[in-house]
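Let us walk through this structure piece by piece, beginning with a pair of facing residues and widening the view from there.

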Amino acid sequence: MTLTRRHLLQALPAALAGSAAVPALYAQPAPSEAGTLIIGTTTEPSLLTSALTTAGPTQLVSGKLFDGLLAYAEDGTPRPELATSWNVSADGLTITFKLRDGVKWHDGQPFSSADVAYSVLEIWKKLHARGRAIFANVEAVLTPDAQTAVLRLSKPAPYILNALSAVESQVLPRHLYAGTDVLANPRNNAPVGTGPFKFGAWSRGRDITLVRNDAYWGGRAQLERIIVLLKPDAQALASSLEAGDIHLTEDLSPADVKRLADNPAIAVSVSDSPFVLTNAYIEFNQDRPALRNPLLRQAIAHAVDRDFLVRNVWHGYAQAADSPIPRSLPAFYAPDPTLPKFDLQRAEALLDQAGLPRDAQGVRLTLNADPYTAPAAVQTARYLRANLARLGIQLNVRGQDTAQFINRIYTQRDFDLLIYIANPGPDPVIGLQRFFWSKNFQPGVPFSNGAHYDNPDVDRLLEQAQVETDAARRKALYTQFQQLVAQDRVTQTLAWVSRSLVARRSLTGFINSADGIRGNFLRARLAA
């Protein structure tokens, strides 16, 4: 299944009109006591609160525990959730949300506008890798009553209405977080949300259990509980799915996805929606003197055969990338006419020009590569190691779990180059800017500007595009941005990767929003 969406900037009047004509999001079919759903994952989350991270393993769990101000249909249309209506002023500087009455946190305390104000100003603007850009123009949040939150902006930011889902901008309970060390708050690992499921237990290294919230404002979920089962071996995960021991996963290798597509008991869903499509990147640490040399980065770019990776690592579930903005965002995409072709001979010449001769053992230099835990990222690192060895670059590929990866890259900054997979949409401000904006270099904030990339001209273009409301002028700014980052090649996009969900056919109704597997699963049911 390929999902599409409507770009809100091109349909802004409909968004500004609010939700008066939007149908109820949670019209409930007849309830069914369908038991326990088991989701398999290869990667254990580092925490369970996606207000503080963009990591997929966290979002997988957290999206079922929390609600967003808005939800989004599979085509990207905004729908009411914690906010029942919204209105944007004519000048774009005020966004008013009317909040749903009677919503309670899982501990029984009432949800209110105070929770929204706290989350916007103290969490999203300060501690979230994407939120730091999305909400940069928010100066204040007014709370005239418990059911009204008013965002006051210094400059227009229409993309905010694309970024208010439960996994993107998660409202946290002020009464449990205010006055605490947010990053060390124990509720990050035992969350209290407002969603259709409640936190049950986390057995480290084994599983996470969520239980149904029978008091959910949107009606009772059909599943009694959800277990997220950790299986670090992707092949073992595939075997468990075939055997019926798990019902759903997104963590299979592309080769297993392709193989299981022929199994009549299994359904494969493939999406390149801007909400879920990801970019596969190489990122070079600019705090390492050797990697500041553009000739070295250019040489490594010539050592990558993107078409080979699409065929042999992603098995066709991706496209070779020629820009950090994918074609699935046509309002912003511009191809890179200078994209380096796969050419090891040219790479050799560039390394010589860079002043990196081979030593007596034929080695020019040694680098450490840290791939994210996804199987395709690890395979890409191994492929790169083999090609760079032919050029005299010894690449040590280091493995680690998610928590170790985040600590090494974003806190300790102990890496040369990293390979990771991240979502660039549904708008460049929301998904992409975090990797290229120098003001988003924030040690300790995961999946931000890990390269410590700092180009004032890129910053200027990004900041102008943030507030530009004319579609043509905004595209022109992003075209210039793509040209500049192509010259620097500090962050190199290898592929645009589709999201593949693999499920037992006994599971239905689990995709009810643009968040896919990270959605709330209110309507999910299992056949007897």
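In this predicted model, a convenient place to begin is Leu142, which stands opposite Val150 in β7. The strand β6, residues 138-145, pairs with β7 in the antiparallel sense over 5 bridges, and the two strands are joined as a hairpin through 2 residues. Strand β7, residues 148-153, is in turn joined to β5 by 5 bridges, and these two strands also run antiparallel; here Ile95 stands opposite Leu151 in β7. From β5, residues 94-99, the pairing can be followed to β4, residues 83-88, through 5 bridges between strands that run antiparallel, with Leu99 in β5 as the bridge partner of Ala83. β4 and β5 form a hairpin as well, with 5 residues between them, and in its turn Gly92 has a positive phi of about 75 degrees.

According to an unreviewed UniProt entry, the annotation "domain: Solute-binding protein family" covers residues 78-436. Over residues 78-436 the chain is 28% helix and 23% strand, while the C-alpha atoms at the two ends are 27 Å apart.

Two open sheets can be taken next. One of them is formed by 7 strands in the order β8-β9-β10-β1-β11-β19-β12, with mixed pairing. Because β8 (197-203) and β12 (266-271) each have a single partner strand, they stand at the edges, and one side of each is left without a neighbour in the sheet. Within this order, β9, residues 207-212, is joined to β10, residues 225-230, by 5 bridges, the two strands running antiparallel, and Thr209 stands opposite Ile227 in β10.

The other open sheet is formed by 6 strands in the order β14-β18-β13-β17-β15-β16, and its pairing is likewise described as mixed. Its edges are held by β14 (318-320) and β16 (393-397), each of which has a single partner strand, so that one side of each is left without a neighbour in the sheet. From one strand to the next the twist averages 25 degrees. Inside the sheet, 6 bridges join β13, residues 278-284, to β18, residues 491-497, and these strands run antiparallel; Ile282 stands opposite Gln492 in β18. Helix α11, residues 375-390, packs on this sheet, where it touches β13, β15 (365-371), β16, β17 (417-422) and β18, and the direction of α11 makes about 160 degrees with that of β16.

Two helix pairs can then be considered in turn. Helix α8, residues 294-302, packs with helix α10, residues 344-353, at an angle of about 165 degrees, and their axes are 8 Å apart. With angles over 145 degrees counted as roughly antiparallel, α8 and α10 are therefore roughly antiparallel to each other, and their crossing is left-handed. On the α8 side the contact is made by Leu295, Leu296, Gln298, Ala299 and His302, and on the α10 side by Leu344, Arg346, Ala347, Leu350, Leu351 and Gln353. Divided by class, the contact of α8 with α10 has 7 nonpolar, 3 polar and 1 charged residues.

The second pair consists of helix α15, residues 456-467, and helix α16, residues 471-488, which pack at an angle of about 160 degrees with their axes 9 Å apart. By the reasoning applied to their angle, α15 and α16 are therefore roughly antiparallel to each other, and the crossing of these two helices is left-handed. In α15 the residues involved are Asp457, Val458, Leu461, Leu462, Gln464 and Ala465, which meet Arg474, Leu477, Tyr478, Gln480, Phe481, Leu484 and Val485 in α16. The residues of this contact of α15 with α16 divide into 9 nonpolar, 2 polar and 2 charged.

Finally, two details of the backbone deserve attention, both in loops attached to strands already met. A cis peptide bond joins Gly425 and Pro426, with omega about 5 degrees, and Pro426 lies in the loop between β17 and α13 (428-431). His315, although not a glycine, has a positive phi of about 50 degrees, and His315 is found in the loop between α9 (306-312) and β14, the strand that stands at one edge of the sheet of 6 strands.

Definitions and conventions:
Residues numbered from 1 in each chain as written. Predicted model: local features only at pLDDT ≥ 70, side-chain atom pairs only at ≥ 80, totals over all residues. Heavy atoms only, no water. UniProt positions renumbered as here; feature names shortened; annotations may be inferred. Helix = DSSP H or I, 4+ residues; strand = E, 2+ residues; numbered from the N terminus. Axes fitted to C-alpha atoms, helices over the stretch in contact; angles between N-to-C directions. Parallel < 35°, antiparallel > 145°, perpendicular 65-115°, else oblique. Left-handed = near helix turned anticlockwise from the far one by under 90°. Contact = heavy atoms within 4.5 Å. Nonpolar A, V, L, I, M, F, W, Y, C, P; charged D, E, K, R; others polar. Pairing = 2+ DSSP bridges.
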